[in-house]
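Please look at the model shown here with an eye to how its helices pack and where single residues are buried. The report below takes up these points in turn.

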Amino acid sequence: MNLYEKIETKIKQENYLTFDKYMEMALYEPDYGYYDNPQTSLDPNNCDFITSPELTRLFGASIYNFFLKILKNHSYRNFTEFGAGSGKLAYDILCEDLDNNYITNYYIVEKSKKLINDQKRNLSNLPGSIYKKVKWVKDASDISSSFFLANEVFDAMPVKIFKVINNNYFEKVIRINNNTLIYDFIKAKTSFIQEIEKIQKNIGLSFPNNYESEISFKSEEFIVKNFKNKKDFIFLIIDYGYGQNEYYHIQKKQGNIQYYYKKNKVIDCLAFSGNVDISCNVDFSQIYKIFNNLNHNLVSYTTQKDFLIYCDILKQADQICDELKRNSVLKTLLFPTDMGETFKIMLVSNKTFRNSFDINDIRHKL
Ligand SMILES: C[S@@+](CC[C@H](N)C(=O)[O-])C[C@H]1O[C@@H](n2cnc3c(N)ncnc32)[C@H](O)[C@@H]1O
């Protein structure tokens, strides 16, 4: 059965698939979903989108510099990465640690079996004694005392889509018509409506007619599963997104979801199910609230540009002799029009880090 047939079977059973269930299958269905499909490559020469670690080892080196700053006051020996993609970031961080040997265990929590295999293959190029430190685990609920990292993971979690039509709330679903997947809307369930209304109350606005946007319920599930009652951690989240006022700006009538195919944005994903990357900007106000409800602390919220400069990326970049290449990499990572300001850094911990980081703080935007 191919992915279309699997989706068709589900739709026949349930009459429709809500968009989040469709997104789950389109990205993660074993062997066929985008991240599990043997055709999908994260290699910069042959991919649909390029993440920072795939662009340059400077990204991993900067994160390692940040880890060293944390080690001045906290003795973390465990490093845990969620959604490690090809394993490139893990590779770069472990190479940076070769001389210091501070990291005892490098845990990876990865959802895609195909990517776990890619990670094993790529990381096996490390010296044997270093490769032995890498361990794949199902989730992080049993890992205590660790530095946690997630680069572009929350944006790859399925979202529900709502639409406001004549003051009523609807949920986007997928149906089949003439052997083709099509969009449709059903009346939103009460629990979904309550969340939509909560957001409008938070931002002090009502969504206009035909307004369409997303809510990620998976983020909450993921955070609660991995961080409820977590005792000794700092979690570095890197992703593109905004605080709720920008995320749900009333002029953003088409929402925050995007589809990439062969490095180009496409307007729809249904015709290419399993071959298109589907991702959604992250609502960082929501992430903050979830951690706050678990009694964890927001340590910092800033832009990727300010964070990487704080981690001495400019000094690191001197190692790239080719000036054109150096400037191009720095431009992509730091310029506001590239990743510099669209990508944010959120740091969360069970501890308080009073005045520890001299990074431009934009917590007021949450
Ligand atoms: C956009 S890719 C980013 C890969 C890598 N972090 C990078 O920066 O190159 C998203 C990654 O997150 C993984 N992922 C998504 N949801 C996950 C979850 N709930 N648990 C673990 N991994 C997840 C995907 O399988 C994939 O490896």
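What follows is a description of one helix and its surroundings, of two helix pairs, and of one loop residue.

## Helix α9 and its two faces

The model is predicted, and the account begins with helix α9, which spans residues 218-227. Within α9, the residues Ser 219, Phe 222, Ile 223, Asn 226 and Phe 227 are buried. These five lie on the same side of α9, because they cover an arc of only 95° around the axis. On the face turned away from that buried side, α9 carries Glu 221 and Lys 225, both of which are exposed.

What do the buried residues of α9 pack against? Their partners are the strands β2 (78-82), β5 (146-151) and β10 (233-242), together with helix α11 (284-293). After α9 comes Asn 229, a residue whose phi is positive, near 60°.

## Two helix pairs

Helix α11, already mentioned as a partner of α9, forms one of the two pairs set out in the table, and the pair of α1 (residues 3-14) and α2 (residues 19-28) is given beside it.

| Helix pair | Angle between axes | Distance between axes |
|---|---|---|
| α1 and α2 | about 155° | 10 Å |
| α9 and α11 | about 35° | 10 Å |

With an angle of about 155°, α1 and α2 are therefore roughly antiparallel to each other, and α1 passes α2 in a right-handed crossing. The contact draws on Leu 3, Lys 6, Ile 7, Lys 10 and Glu 14 from α1, and on Lys 21, Tyr 22, Met 25 and Ala 26 from α2. Sorted by character, the residues of this contact comprise five nonpolar and four charged, with no polar ones.

The crossing of α9 and α11 is right-handed as well. Here Ser 219, Glu 220, Ile 223, Val 224 and Phe 227 of α9 meet Gln 286, Ile 287, Ile 290 and Phe 291 of α11. The residues in this contact divide into six nonpolar, two polar and one charged. Ser 219, Ile 223 and Phe 227, which take part in the contact with α11, are also among the buried residues of α9.

## A loop residue, Asn 281

Asn 281 lies in the loop that joins β13 (277-280) and β14 (282-283). Is Asn 281 buried or exposed? Its relative accessibility is 12%, and because buried means under 20%, Asn 281 counts as buried. When neighbours within four places in sequence are left aside, the residues in contact with Asn 281 are Tyr 240, Gly 241, Tyr 242, Tyr 247 and Asn 256.

Key
Residues numbered from 1 in each chain as written. Predicted model: local features only at pLDDT ≥ 70, side-chain atom pairs only at ≥ 80, totals over all residues. Heavy atoms only, no water. Buried < 20%, exposed > 50% of the residue type's maximum accessible area, 1.4 Å probe, protein only. Helix = DSSP H or I, 4+ residues; strand = E, 2+ residues; numbered from the N terminus. Arc of directions from axis to C-beta. Contact = heavy atoms within 4.5 Å. Axes fitted to C-alpha atoms, helices over the stretch in contact; angles between N-to-C directions. Parallel < 35°, antiparallel > 145°, perpendicular 65-115°, else oblique. Left-handed = near helix turned anticlockwise from the far one by under 90°. Nonpolar A, V, L, I, M, F, W, Y, C, P; charged D, E, K, R; others polar.
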